[in-house]
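Student: I've just opened this one and I don't know where to look. Can you walk me through it?

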Amino acid sequence: MIIVFLGPPGAGKGTQCKMLVDRYNMLHISSGDILRRHRKEGTELGQKAQSYMDAGDLVPDDLIVAMMIEEMKKIGQGGGFILDGFPRTIGQARELDAALEKEGKSVDVALCLEVDDSKLEERITGRRSCSVCGKAYHIQFNPPRQKNQCDNGCGPLVQRPDDTEDVVRNRIKTYHDQTAPLVAYYQNKGNLQSINGDVGIEQVRESLFEVLDKIVPAR
Ligand code: AP5
């Protein structure tokens, strides 16, 4: 089972993926998390990606596609995976399809989390993430039990450097210019499922379970 998770920055993709992997025994592969890991480790890819990420622009397709295909090979088959943040351009989607086709596979479902632009900025600027496990919180909508501490007890919460107001605006614009066309791409293939992400975290989760329970066996 291969799921692509689309949606604008701050729509709640990462938050929901963490719950989906628990229920469906799937792996969560987040292009943003992998890029942040490369940056932390100071790899060549991390250094190349840094200026694009800090400005809220997309990292060039050739770097991303190579990184994601490598990652998918590394994790093997398992119970399937959810791709969060990839593909993000039509070019990336075509490359993904071609790579999967070589192995006789294809994307089974593309989920699109729809959230109005007016909500995204406040969601992103209020986000705080655990510096160790990466779990995301929101200072108002999803606060940790103890101020600035991860509920998993692993680390202090930090703000991502690209979560500032001006960078967020560019990330939203970039989404509309370069990623939103993927909605039509997957619609034309007949495997798009749109979900209203403009409601509370639990409600979004229930809508996703309703869609996925029909196609993926729960654990
Ligand atoms: P990436 O890390 O993928 O960022 P993004 O897509 O912009 O998504 P976010 O992580 O900001 O948001 P999310 O939807 O996961 O929301 P979350 O669940 O955290 O990419 C970062 C950068 O890497 C890109 O800008 C680009 O430079 C580069 N990059 C990555 N992939 C690339 C690719 N394929 N090609 C090229 N470049 C690439 O939720 C947000 C906040 O809202 C949290 O605080 C959460 O608690 C809260 N929240 C969640 N759901 C709700 C809800 N229903 N109600 C209220 N609050 C909610």
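Tutor: Sure, we'll start with the whole chain and then go to single residues. Keep in mind that this is a predicted model.

Student: Okay, how many helices and strands does the chain have?

Tutor: The chain has 9 helices and 8 strands. Its radius of gyration is 17 Å, close to the 17 Å that the globule rule gives for 219 residues, so the chain is as compact as a globular protein of that length.

Student: And what box do the C-alpha atoms fill?

Tutor: Roughly 45 × 40 × 30 Å, taken along the principal axes.

Student: How much of the chain counts as buried?

Tutor: 45% of the 219 residues count as buried. The chain exposes about 11,200 Å², and carbon and sulfur atoms supply 47% of that area.

Student: What about contacts between residues at least 6 apart in sequence: what share joins residues at least 24 apart?

Tutor: That share is 70%.

Student: Switching to charges: how many positive and negative side chains are there?

Tutor: There are 29 positive and 32 negative side chains, and the centres of the two sets lie 4 Å apart.

Student: Let's zoom in. Where is Arg127, and is Arg127 buried or exposed?

Tutor: Arg127 sits in strand β5, which covers residues 127-130. Its relative accessible area is 15%, so Arg127 is buried.

Student: Which side chain does Arg127 make a polar contact with?

Tutor: With the side chain of Asp163, at 2.9 Å. Leaving aside neighbours within four places in sequence, Arg127 also has Tyr137, His138, Gln159 and Arg171 among the residues in contact with it.

Student: Where is Asp162, then?

Tutor: Asp162 is in the loop between β7 and α7 (165-179). With 9% relative accessibility, Asp162 counts as buried. Its side chain makes a polar contact of 3.1 Å with the side chain of Arg160.

Student: Apart from neighbours within four places in sequence, which residues is Asp162 in contact with?

Tutor: Met53, Val167, Val168 and Arg171. You've met two of those names' surroundings already: Arg171 is in contact with Arg127, and Arg160 is in contact with Arg127 as well.

Student: New topic. Which peptide bond is cis?

Tutor: The bond from Phe86 to Pro87 is cis, with omega near 0°. Most peptide bonds are trans. Pro87 lies in the loop between β3 (81-84) and α5 (90-102).

Student: What does Gln92 touch, not counting residues up to four places away in sequence?

Tutor: Gln92 touches Val59, Asp61, Ile64, Val65, Phe86 and Pro87, so both residues of that cis bond are on its list. Gln92 itself is in helix α5 and is buried, with a relative accessible area of 2%.

Student: How far is the backbone nitrogen of Arg88 from a polar atom of the Gln92 side chain?

Tutor: The two are 2.8 Å apart.

Student: Which residues have a positive phi without being glycine?

Tutor: Asn25, with a phi of about 55°, and Asn148, with a phi near 60°, are two to look at. Most residues other than glycine have a negative phi.

Student: Where are Asn25 and Asn148?

Tutor: Asn25 lies in the loop between α1 (13-24) and β2, while Asn148 is in the loop between β6 (136-138) and β7 (157-158). Asn25 is partly exposed at 43% relative accessible area, and Asn148 counts as partly exposed at 40%.

Student: Where does Asn142 lie?

Tutor: Asn142 is in the loop between β6 and β7, and at 25% relative accessibility it counts as partly exposed. Beyond neighbours within four places in sequence, Asn142 is in contact with Ala136, Tyr137 and Ile201.

Student: Last one: is Ser30 buried or exposed?

Tutor: Ser30 is buried, with 7% relative accessibility. Ser30 belongs to strand β2 (residues 27-30). Ser30 and Cys133 are 103 residues apart in sequence, and their C-alpha atoms are 13 Å apart in space.

Key
Residues are numbered from 1 along each chain as its sequence is written. This is a predicted model: local features need pLDDT of at least 70, side-chain atom pairs count only at pLDDT 80 or more; totals for chains, interfaces and linings use all residues. Side-chain values use heavy atoms; hydrogens and water are left out. Helices (H or I, at least four residues) and strands (E, at least two) are DSSP runs, numbered from the N terminus. The radius of gyration is taken over C-alpha atoms; the globule rule is 2.2 Å times the number of residues to the power 0.38. Buried means under 20% relative accessible area, exposed over 50%, partly exposed in between (1.4 Å probe, protein chains only). Contact means heavy atoms within 4.5 Å. Accessible areas come from the Shrake-Rupley method with a 1.4 Å probe; for residues, only the protein chains shown count as cover. Lys and Arg count as positive and Asp and Glu as negative; His and the chain ends are not counted. The place of a charge is taken as NZ of Lys, CZ of Arg, CG of Asp or CD of Glu. A polar contact is a pair of N or O atoms within 3.5 Å; within protein, one must be able to donate a hydrogen and the other to accept it, and residues adjacent in sequence count only if both atoms are side-chain atoms.
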